[in-house]
Amino acid sequence: TDATAPSPASVPSSVQPGALVDERQAQALRTILAQDPRNARAAKQLGNLLYDAGRYAEAVPVYKQAFALDPSDVNLSTDLGTALWYAGRPDEALAQYEKSLTIDPSHGHTLFNKGIVLNDGKLDAPQALQAWERLLATNPNYPERAKVEQLMEQTRQRMTSTPVAPVRSTR
């Protein structure tokens, strides 16, 4: 997996949580890591293997290990954030995306995913729009530009059509 992985908008239809992993490959990577816990490449490969199988909660600690070993890898950082999101941990996902943006302030997939988590996980449409606007401003040729524009339009429509709840008097 790299930052071109699917966004957290929804679990990819080709991935089913609990999908089979090549357990021999996973065990070989675990063995490498047991013998050499500083092997960032093996940790990243194992994280990717688990992520690609939809085993996000299992991928998180492995990605954390890999990121601790290679804190300059923006794609790895973003994948960790996305695994956190899929594992139901939106606040941690957003914190990880901030780390990604420290590495590369205009990283397209990070900004895209940050918008998704803000919009869908935190219900913060204005901040989501801000992330997506920053994405398009800093990445004018972003490959998923049409999808971002569509999400922005849907979010704006929801913002203008959602009535404000009246406040009840407490007399």
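1. Contact here means heavy atoms within 4.5 Å. In this predicted model, residues of helix 1 and helix 2 meet in that sense: Q25, A26, L29, R30, I32 and L33 on the side of helix 1, and A42, A43, Q45, L46, L49 and L50 on the side of helix 2. Sorted by class, the residues of this contact comprise 9 nonpolar, 2 polar and 1 charged.

2. The overall architecture may be stated briefly. The chain holds 8 helices and 0 strands, and its elements follow the order α-α-α-α-α-α-α-α from the N terminus. Of the 171 residues in the chain, 43% are buried. Among contacts with a separation of 6 or more, 57% are between residues 24 or more positions apart.

3. The geometry of the first helix pair deserves a point of its own. Two packed helices are described by the angle between their axes and the distance between the axes. For helix 1 (residues 23-35) and helix 2 (residues 40-52), the angle is about 150° and the axes lie 9 Å apart. Angles over 145 degrees count as roughly antiparallel, and helix 1 and helix 2 are therefore roughly antiparallel to each other. The crossing of helix 1 with helix 2 is left-handed.

4. L33, which belongs to helix 1, illustrates this packing at the level of a single residue. L33 has a relative accessible area of 9% and is therefore buried, since the limit for that class is under 20%. Beyond neighbours within four places in sequence, the contacts of L33 are with N39, A42, A43, L46 and Q65. Among these, A42, A43 and L46 are also listed for helix 2 in its contact with helix 1. L33 and L46 stand 13 residues apart along the chain, and their C-alpha atoms are separated by 9.4 Å.

5. Helix 2 also packs with helix 4, at an angle of about 35° and with the axes 11 Å apart. This crossing, too, is left-handed. Helix 2 contributes K44, N48 and Y51 to the contact, while helix 4 contributes L76, D79, T82, A83 and Y86. The classes represented in the contact of helix 2 with helix 4 are 4 nonpolar, 2 polar and 2 charged residues.

6. Aromatic rings form a further theme. A pair of aromatic rings is described by the distance of the centres and the angle of the planes. The structure contains 5 aromatic pairs. In one of them, Y56 and Y86 are tilted, at 4.4 Å centre to centre and with 40° between the planes. This pair joins distant parts of the chain, as Y56 is in helix 3 (residues 56-69) and Y86 in helix 4 (residues 74-86), 30 residues apart. Both partners are buried: Y56 has 5% relative accessibility, and Y86 has a relative accessible area of 15%. Y56 and Y86 also belong to a cluster, linked by ring pairs, that includes Y51 and Y63. Two members of that cluster, Y51 and Y86, take part in the contact of helix 2 with helix 4.

7. T78 is another residue of helix 4. Its relative accessibility is 1%, so T78 counts as buried. Not counting residues up to four places away in sequence, T78 touches Y97, S100, H107, H109, T110 and N113. Of these, H109, T110 and N113 fall within the span of helix 6 (residues 108-121).

8. N119 is likewise located in helix 6. With 8% relative accessibility, N119 counts as buried. When neighbours within four places in sequence are left aside, N119 has contacts with D124, A125, A128, W132, T155 and R158. Among these, A125, A128 and W132 fall within helix 7 (125-138).

9. Which residue other than glycine has a positive phi, near 55°? The residue is L123, with phi near 55°. L123 is in the loop between helix 6 and helix 7. A relative accessible area of 71% makes L123 exposed, whereas N119 in helix 6 counts as buried.

Methods. Residues are numbered from 1 along each chain as its sequence is written. This is a predicted model: local features need pLDDT of at least 70, side-chain atom pairs count only at pLDDT 80 or more; totals for chains, interfaces and linings use all residues. Side-chain values use heavy atoms; hydrogens and water are left out. Helices (H or I, at least four residues) and strands (E, at least two) are DSSP runs, numbered from the N terminus. Buried means under 20% relative accessible area, exposed over 50%, partly exposed in between (1.4 Å probe, protein chains only). Rings of Phe, Tyr and Trp (its six-membered ring) pair if their centres lie within 6.5 Å; planes under 30 degrees apart count as stacked, over 60 as edge-to-face and the rest as tilted. Axes are lines fitted to C-alpha atoms, for helices over the stretch in contact, and angles run from 0 to 180 degrees between N-to-C directions. Angles under 35 degrees count as roughly parallel, over 145 as roughly antiparallel, 65 to 115 as roughly perpendicular and the rest as oblique. A crossing is left-handed if the near helix is turned anticlockwise from the far one by less than a right angle, and right-handed if clockwise. Ala, Val, Leu, Ile, Met, Phe, Trp, Tyr, Cys and Pro count as nonpolar, Asp, Glu, Lys and Arg as charged, and the others, Gly among them, as polar.
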